[in-house]
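Here are a few worked exercises on a two-chain model. Grab your viewer and try each task before reading its solution.

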Amino acid sequence: MSTTNREMSLRHTFWGGLCSIDGTVYKDVWKRMCGTLRNEVFVALWRLLAVGVLGLVSPPGAIAGGATDETSSTRADAYPEVMKGIELSFPRDHGAHPDFRTEWWYVTGWLNDTDGHERGFQVTFFRVRPRPENPGASRFAPGQLILAHAAIADPKYGRLLHAERSERLLPPLNDIGLDHTKIKLRDWTLAWTQVDGVTGGYRSQIDAGEFALDLSFIPQSQPVLNGAEGYSRKAPDPKLASYYYSRPQLLTHGSLRIGAGEHVVRGLAWLDHEWSSEILPQNARGWDWIGINLHDGGGLMAFQMRGEEGKALWTAGTHAMATGQQQTFGPGEVRFEPLRYWQSPRTGARYVVEWRVHIPQRGGNLPGDLRVEPLMDDQELDSRRSTGAIYWEGAVRLKDGNTGAELGRGYLEMTGYSQRLDM
Amino acid sequence: MNRKLAGLFIASLFHRPFASLLSLLAIALGVALGLAVQLIHGAALDEFGRSARELAGEADLQVVGSREGFDESLYWVLAQRKEVSEASPVIEVEARLPGRDRSLRIYGVDVFRVVHVQAALVPQIDEGGDRLATLDRDTVFLTAAARAMMDGREAFEVQSGVNVHTLRIAGAVPGAMAGQAYGVMDIAAVQQTFDHLGRLSRIDLRLAPGVRREEARVTLLDLMPPGVEIRTPEASSGEIMALSRAYRVNLTMLAAIALLTGGFLIFSTQWLSVVRRRREFAVLRALGMARADLLRGVLIEGGLTGLVGGLLGLVLGHGVTVLAFELIGGDLGAGYFTDIRPELVISPAVNAAYLALGILAGVAGAWLPARDAARAQPAVALKAGSAEGVVQQIGRGRSPAVLGCLMLAALVCQLPPIAWTPVGGYLAIALVLCAAVLVLPGCTRFAVRLLDFGRGVLWRLARGRLSAIPGQAVVAGAGVVTSVALAVSMAVMVSSFRVSVDDWLSKVLPADLYLRASASSSTGYLDASALAWISGLPGVSSLTPLRAQTLRLIDGRPPVTLIARDVEGGVALPLVSVAAPEKGGAADGEALPSVWISETLVDLLGLAPGMRLDLPLGGSRVGFRVAGVWRDYARQNGAVIIERSIYLELTRDDRVNDVAIELTDPGLADEISVALRSRFGADRIEIARRDEIRALSLAIFDRTFLITYLMEAVAILIGLFGVAATFAALATARRGEFALLRHLGVRRREIARLIAFEGGLTAFAGVMVGMLAGGAVAWILIEVVNRQSFHWSMDVHVPTLGLALFGLSMVLLAACVAPLAAANAMRQSAVQAVKEDW
């Protein structure tokens with residue numbers, strides 16, 4: 001490629017967000033470096049979720065990796081441990097927990113524009129403390145990193161529009177709040193704004209060039225604490241866990257721009273906030289996760305960790321009912337069963353785009369046999385250029401497994417189908 | 001002209017192979033030298049420009065400060081501007097590598113930002129490396145060339161102050177240009193490791209879509225703190241151009257002079273060949289050859305010599321270039337491009353241009369002889385002895401022309417430089433050389449009168465001939481005059497320069513011992529505690545610490561050096577002028593601190609003693625009064641000196657680059673050196689005695705002027721070639737005369753002596769004129785060319801003895817060469833030669 005072409009495509013790429021790419025150059029440059037870092041987050045996330053039932057198989061020493069002498073201590077140059085019995089306190093715990101190794105705020109949902117067109121969206125902000133050691137006195141010291149992903153699922157395009165960013169914490173350019181949710185990554189933001197004493201909501205603004213969104217999310221209920229009061233185990237080893245709460249049924253409104261087309265949108269969204277320090281064993285291949293806003297006003301979260309050949313290593317879930325009651329599903333109680341596959345023409349990866357999900361019947365108002373169907377098959381996110389990972393992250397409908405009646409809408413995330421995550 | 005006729009002329013070149021070969025060689029040398037200078041410097045500049053562009057990446061604008069950088073808060077200001085879409089902060093250091101004689105440039109970057117702007121600075125982690133390696137405080141990413149420097153090691157040491165840090169090599173910089181040796185680290189790591197907390201050297205900006213570059217530059221200019229520039233990336237390559245322009249132009253001019261000398265040589269051989277072939281041409285004309293054909297024929301001879309010489313020069317020039325790259329690098333010994341490894345690029349345009357110059361020199365040299373040959377009346381020319389008449393013609397006095405040339409030369413000397421190039425000076429040199437050649441006949445007559453002693457028959461014959469036919473002196477001596485003038489002027493200039501530098505060195509290096517942690521551009525330095533320790537050493541009587549910094553004073557020019565040291569009111573400086581003492585009770589009631597500026601700044605900023613100069617120090621502009629002008633041969637871009645106490649007060653920067661140490665007894669130098677080395681580590685400091693620095697400086701000086709010595713030698717050789725060629729040709733034309741002398745009883749050996757006398761006399765006149773012209777040229781070089789290109793003055797120093805010896809040997813060599821060259825003509829039998837004329 002000639003220099004001019006290269007420059008133009010690069011420029012175009014950076015202006016146009018990270019999707020509109022002539023891939024070759026971009027891939028090289030971007031992957032080369034940023035990728036490695038985001039990979040770290042991604043891997044941390046994956047490790048966190050890719051819990052080890054295999055922990056049972058692995059010798060205990062292997063679980064903590066090389067960090068055996070540090071993870072358990074409370075030294076200033078160590079990551080704090082996630083422990084059972086710590087009560088989450090809001091709004092403080094909506095804010096950041098910079099001592100922990102990784103943390104993310106993950107918002108997904110369905111949007112309707114004024115013409116009735118349906119789209120899915122995803123906005124994720126990550127915070128990473130890359131090293132436990134004191135980062136040094138420089139104002140540029142990389143003690144905290146902030147990363148973000150944003151994607152739009154529009155059936156008209158038949159694939160995801162996707163963009164991402166990563167920076168070191170550098171207030172006020174890239175900032176993060178401790179008292180409540182407030183994250184700023186240059187001009188990408190996710191923050192809580194209090195309208196008056198009673199009501200308030202999240203607002204997120206993302207401009208990725210190719211697409212942009214400005215959405216407000218108004219909660220209608222208290223946060224749903226997953227696991228044991230927010231202590232969410234990922235493996236038999238109690239240290240392998242996260243603090244994890246969800247906010248289903250967020251009333252969403254705002255604007256969405258795709259290319260030159262502006263849309264006024266409304267919908268329902270879901271927010272996950274999770275933080276942890278533990279490095280989890282590598283012997284899981286990936287995970288499958290759903291977060292569904294139910295039409296009856298409730299919310300359903302479920303995940304499974306997969307080992308080789310799709311075998312479930314650990315599962316868990318939470319069903320929050322509109323009444324305020326909550327059911328928590330322990331390991332083995334949730335079952336994921338593949339129904340239909342779709343193969344990516346780009347990467348050759350084969351994903352389960354339709355699932356049967358079994359949940360236990362303990363007097364809840366959901367049938368035990370559920371089906372998950374996608375808004376569109378191709379919601380694969382090829383971020384080899386950045387995180388190095390290829391995964392599927394998309395809008396899905398939840399249906400009654402017997403009647404086929406739609407029970408809710410939400411998001412499905414599947415990882416580890418294309419290749420084992422590069423460690 | 002048909003081919004047969006052209007062949008006739010070309011064949012004549014082979015009839016005088018010696019002269020033809022010499023002309024050819026002269027042209028070849030001129031072309032080769034000019035081309036080599038151009039190629040070498042062009043390649044180096046090109047390489048530098050490309051690397052500057054590569055490093056700038058896609059930046060639309062660059063914010064650059066001095067070596068010490070600027071306050072990092074500017075980054076936050078710029079990154080939030082709406083005109084700016086991407087901002088990438090960079091801190092750049094020349095990391096000293098303890099125990100090595102070179103440093104490593106390290107760029108501290110924000111890995112998340114650099115990817116948007118500068119692909120050439122994007123680090124890549126080695127296969128299997130830690131994913132967070134780009135953020136670690138002790139990792140470095142090296143370009144292929146830099147990694148090659150480390151001989152396969154996985155870690156190496158860098159020095160900051162007098163401390164050493166170990167850096168792990170964690171990966172590569174794949175976007176770097178081949179041959180570029182540098183490292184990339186995390187910006188925070190560089191700030192911390194090299195004690196640059198809060199500082200940045202550069203911010204590269206990409207502008208938001210639709211924002212015009214020049215408009216943004218003007219808007220953002222207001223945000224720049226004092227001493228910080230905002231400019232386009234192209235401007236930085238312009239800076240290095242400015243840095244080496246003077247050197248490059250001067251070398252190219254020297255090559256041009258060599259080419260000119262070659263042209264003179266063609267002129268003299270061609271003229272004599274025409275004279276000798278006068279009757280031949282007359283016959284050709286009588287046989288019906290047109291005047292124009294004759295003219296063209298002679299021009300073809302010159303042009304062909306130029307062409308072949310030029311071709312040879314091209315080959316030679318490329319050879320010299322390759323050799324120079326191998327041996328001395330891309331800067332011809334001047335030290336501008338030490339990090340650059342240029343490659344030879346064969347450019348058809350440049351080659352064609354130099355070939356054309358060679359042909360031009362050949363044709364121009366043949367022009368006058370050709371015109372003359374074509375003008376001659378065949379009937380007259382057929383008669384014997386007419387050759388002399390032509391030579392006589394050249395010898396006509398041309399006093400008005402000489403005067404005109406000299407006056408014009410004096411006038412153009414007054415011109416200011418054009419585009420930083422002393423065009424007027426070079427024009428004046430050409431005019432002086434021209435005048436010297438024109439004045440030669442008159443001078444020959446004068447010289448002959450001057451040598452009105454001795455009664456030997458041959459001596460008188462030689463003198464008689466020369467005063468009667470001074471044209472011979474022009475033809476033989478033109479080459480001598482130009483080459484002697486060139487050699488003398490160079491000798492005078494270089495010796496003036498060297499003596500001045502020597503004086504200057506003794507003035508700026510008064511102390512017994514000098515200590516530094518690294519060159520001032522590099523990351524080693526000494527701090528207050530180190531100074532305190534040194535001053536406590538027994539045997540140390542006093543310390544003069546020196547801090548060197550850079551300041552951006554002039555847009556588009558390389559930074560100016562700031563030196564902070566104890567100046568004792570200027571007494572310790574090599575001053576060339578001082579300000580009148582300030583009148584007491586100035587109106588503002590506040591006396592400004594003093595600054596001493598180097599001569600460069602007088603020229604570049606139009607400053608004079610007593611004027612005010614604002615310096616960007618400690619983030620603000622501080623007013624100073626120019627207390628004096630000092631001579632500085634070390635920093636071509638200009639330097640200012642202020643008192644260290646004032647510097648400390650303004651910047652709170654107590655680091656020190658150099659310390660001058662006065663000892664109670666100079667004999668203690670070795671003892672003190674040992675103590676210093678054991679305290680700071682032998683490979684972390686450099687200690688030098690005054691005489692060592694002085695010797696080193698002069699060695700560098702001599703190396704820099706190596707190329708000029710070389711060209712001088714070439715010029716002298718060409719001059720001698722001229723004498724030899726002339727006498728070879730003249731002797732052939734004078735066969736009749738020699739035969740007559742033989743007939744009158746003069747022996748062959750005596751004729752050789754006659755020619756030797758003539759050669760010596762001719763050379764004497766040529767050397768005399770050459771010396772005078774050389775003196776004038778030297779004056780122009782010192783006062784105009786050097787002053788305008790390098791902005792420094794020097795004291796004129798004429799190496800009298802050397803020049804006398806040189807002149808004498810030129811005369812003797814000419815006296816030896818002339819009969820040797822004429823030997824062939826003298827060998828002919830007297831009778832036959834005399835017969836030829838009847």
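Burial here goes by C-beta counts: a residue is buried if 20 or more other C-beta atoms lie within 10 Å of its own, exposed if 12 or fewer, and partly exposed in between, with C-beta atoms placed from the backbone. This is a predicted model, where local features need pLDDT of at least 70 and side-chain atom pairs count only at pLDDT 80 or more, while totals for chains, interfaces and linings use all residues. Residues are numbered from 1 along each chain as its sequence is written, and chains are lettered from A and ligands numbered from 1 in the order in which they are written.

**Exercise 1. Positive phi**

Task: work out whether Asp151(B) is buried or exposed, and do likewise for Gln249(A).

Solution. Start with the backbone: phi is near 50° at Asp151(B) and near 55° at Gln249(A). Those values stand out because most residues other than glycine have a negative phi. Next, place them. Asp151(B) sits in the loop between α5 (144-149) and β7 (155-160) of chain B, whereas Gln249(A) belongs to strand β12 (residues 241-258) of chain A. (Helices, H or I of at least four residues, and strands, E of at least two, are DSSP runs numbered from the N terminus.) Now count neighbours: Asp151(B) has 7 other C-beta atoms within 10 Å, so it is exposed. Gln249(A) has 22 C-beta neighbours inside 10 Å, so it counts as buried.

**Exercise 2. Cis peptide bonds**

Task: find where Pro91(A) and Pro172(A) are located, then check the bond leading into each.

Solution. Pro91(A) is in the loop between α4 (60-63) and β1 (102-113) of chain A. The bond from Phe90(A) to Pro91(A) is cis, omega being near 5°. Pro172(A) falls in the loop between β4 (159-168) and β5 (174-176) of chain A, and its cis bond to Pro171(A) has omega of about 0°.

**Exercise 3. A kinked helix**

Task: compare the span of α11 in chain B with the expected one, then look for a bend.

Solution. Helix α11 (residues 348-375) of chain B has 28 residues. The expected span is 1.5 Å times one less than the number of residues, giving 40 Å here; the model reaches 39 Å from first C-alpha to last, close to that. For the bend, take the angle between axes fitted to the seven residues ending at a position and the seven starting there. At Trp367(B), shortly before Pro369(B), this shows a kink of about 40°.

**Exercise 4. Nonpolar cores**

Task: which residues touch the most other members of the largest nonpolar core?

Solution. Build the cores from buried Ala, Val, Leu, Ile, Met, Phe, Trp, Tyr and Cys residues joined through C-beta atoms within 7 Å. The largest has 155 residues, and those touching the most other members are Phe125(A), Leu271(A), Ile290(A), Val357(A), Ile106(B), Leu121(B) and Leu205(B). Strand β3 (residues 145-154) of chain A gives the most to this core, with eight residues. A second, separate core has 130 residues, including Ile300(B) and Phe727(B).

**Exercise 5. Confidence**

Task: which elements of chain B have the lowest and highest mean pLDDT?

Solution. pLDDT is the predictor's confidence in each residue, from 0 to 100. Chain B averages 82, with 87% of its residues at 70 or more. Its lowest element is helix α13 (residues 386-394), at 52, and its highest is strand β6 (residues 139-142), at 96. Where pLDDT is low, don't read the predicted coordinates in detail. Overall, the model scores ipTM 0.79 and pTM 0.77.
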